[in-house]
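This report describes the ligand site of one protein model and the empty spaces in the protein. The sequence and structure are shown first, and the description follows.

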Amino acid sequence: MDKLIIANWKSNPKSIKEARVIWNDILKISKNIKNKKIIICPPFPFIFLGNVIKNSKIILGAQSVFPEAEGSYTGEVFANMLKSMNVNYVIVGHSERRKLGETDEYINKQILTTIKNKITPILCIGEIRRDHDGRYLPFVKEQILKCLDGVSRLNLKNIMIAYEPVWAIGKNAVREATSEEFVEMKIYIKKVLSDVYGVKVAQSIPIIYGGSVNSKNAKIFIENGADGLLVGRDSLSPKKFREIINAF
Ligand code: PGA
């Protein structure tokens with residue numbers, strides 16, 4: 001399977017002019033890649049870039065979606081609108097959105113509406129801190145089970161899980177995660193999934209790593225079984241992003 005490199009631009013850049021520059025640079029990089037897929041998740045105002053620049057190898061993703069399918073909700077965006085803009089992936093459950101109040105129940109509804117619209121959800125899970133008693137494991141298990149409530153075995157095949165330990169994300173990260181920590185969590189996630197959905201389906205679900213991914217650690221996570229990388233800060237610098245893409 002192609003390795004996925006997902007760019008989460010978060011609430012950046014500040015103007016369409018800058019967004020175009022970054023997009024075009026990544027477009028150039030994408031022309032020469034093999035066995036890898038690049039998914040860019042810009043903020044909503046810049047989603048249209050994925051439509052005006054045609055014949056691109058870049059796949060379009062969004063950073064959020066409203067859980068309801070219809071009605072009047074000022075300021076919100078439905079999954080069918082995203083689909084009509086050629087969005088194929090949506091990040092849900094990101095810790096920065098959980099901090100704004102999104103619960104597992106809310107994320108579960110986002111997943112159900114996303115799947116219904118034939119968009120692949122990238123479900124972010126991860127503990128806030130590591131403890132020495134292993135309590136972070138049941139914490140993550142609860143996130144998985146609640147977020148996937150009501151998702152059938154057939155639909156699970158269209159989901160990706162991104163393990164993003166909150167303590168390893170962003171400028172204020174406590175430290176980078178180690179490949180051992182990722183491997184342990186990947187095995188654990190597969191176990192939780194296989195208990196509900198069976199081993200075969202669980203094995204087919206891609207597990208992505210995210211949290212301070214850079215050109216130095218990208219290869220290590222991929223070599224240790226990550227099916228892809230979710231990149232925040234370093235996806236906004238075409239130079240750093242190119243180094244990550246070329247790192248493995
Ligand atoms: P970071 O962000 O790469 O800047 O740590 C990752 C994320 O939040 O998805």
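## Ligand site, pockets and cavity

An oxygen atom of the ligand has a backbone N or O atom of Gly-170 at 2.8 Å. The model is a predicted one. A backbone N or O atom of Ser-212 also lies 2.8 Å from a ligand oxygen, and an N or O atom in the side chain of Glu-164 is 2.8 Å from an oxygen atom of the ligand. The free ligand would expose 280 Å², of which the protein buries 99%.

The residues around the ligand are Asn-8, Lys-10, His-94, Glu-164, Ile-169, Gly-170, Gly-211, Ser-212, Leu-230, Gly-232 and Arg-233. By class, this shell holds two nonpolar, six polar and three charged residues.

The volumes of the spaces computed over the protein atoms are listed below.

| Space | Volume |
|---|---|
| Largest pocket | about 340 Å³ |
| Second largest pocket | about 270 Å³ |
| Largest cavity | about 40 Å³ |

The lining of the largest pocket consists of 17 residues, and those nearest its centre are Lys-10, Glu-96, Ile-169, Gly-170 and Lys-171. Lys-10, Ile-169 and Gly-170 also appear among the residues around the ligand. Helix α4 gives the most to the lining of the largest pocket, namely three residues. Six nonpolar, six polar and five charged residues make up this lining.

The second largest pocket has a volume of about 270 Å³. It is lined by 13 residues, with Asn-8, Lys-10, Ser-11, Gln-63 and Arg-97 closest to its centre. Lys-10 is thus named at the centre of the largest pocket and at that of the second largest pocket, while Asn-8 and Lys-10 both belong to the ligand shell. The lining of the second largest pocket divides into five nonpolar, five polar and three charged residues.

One cavity reaches the threshold of 30 Å³ or more. The largest cavity is lined by Gly-93, His-94, Ser-95, Arg-98, Cys-124, Ile-125, Gly-126, Gln-143, Glu-164 and Val-166. Helix α4 (95–99) and strand β5 (120–125) each contribute at least two residues to that lining. Three of the lining residues of the largest cavity are nonpolar, five are polar and two are charged. His-94 and Glu-164 line the largest cavity and are also found around the ligand; the side chain of Glu-164 provides the N or O atom that lies 2.8 Å from a ligand oxygen.

Key
Residues numbered from 1 in each chain as written. Predicted model: local features only at pLDDT ≥ 70, side-chain atom pairs only at ≥ 80, totals over all residues. Heavy atoms only, no water. 1 Å grid on protein atoms, 1.4 Å probe; cavity = no way out; pocket = protein on both sides within 12 Å on 5 of 7 lines; lining within 4 Å. Points joined across faces, edges and corners; volume = space filled by probe spheres on them. Helix = DSSP H or I, 4+ residues; strand = E, 2+ residues; numbered from the N terminus. Nonpolar A, V, L, I, M, F, W, Y, C, P; charged D, E, K, R; others polar. Near = heavy atom within 4 Å. Polar contact = N/O pair within 3.5 Å; in protein donor to acceptor, adjacent residues only side chain to side chain. Areas by Shrake-Rupley, 256 points an atom, 1.4 Å probe, with all protein chains shown as cover.
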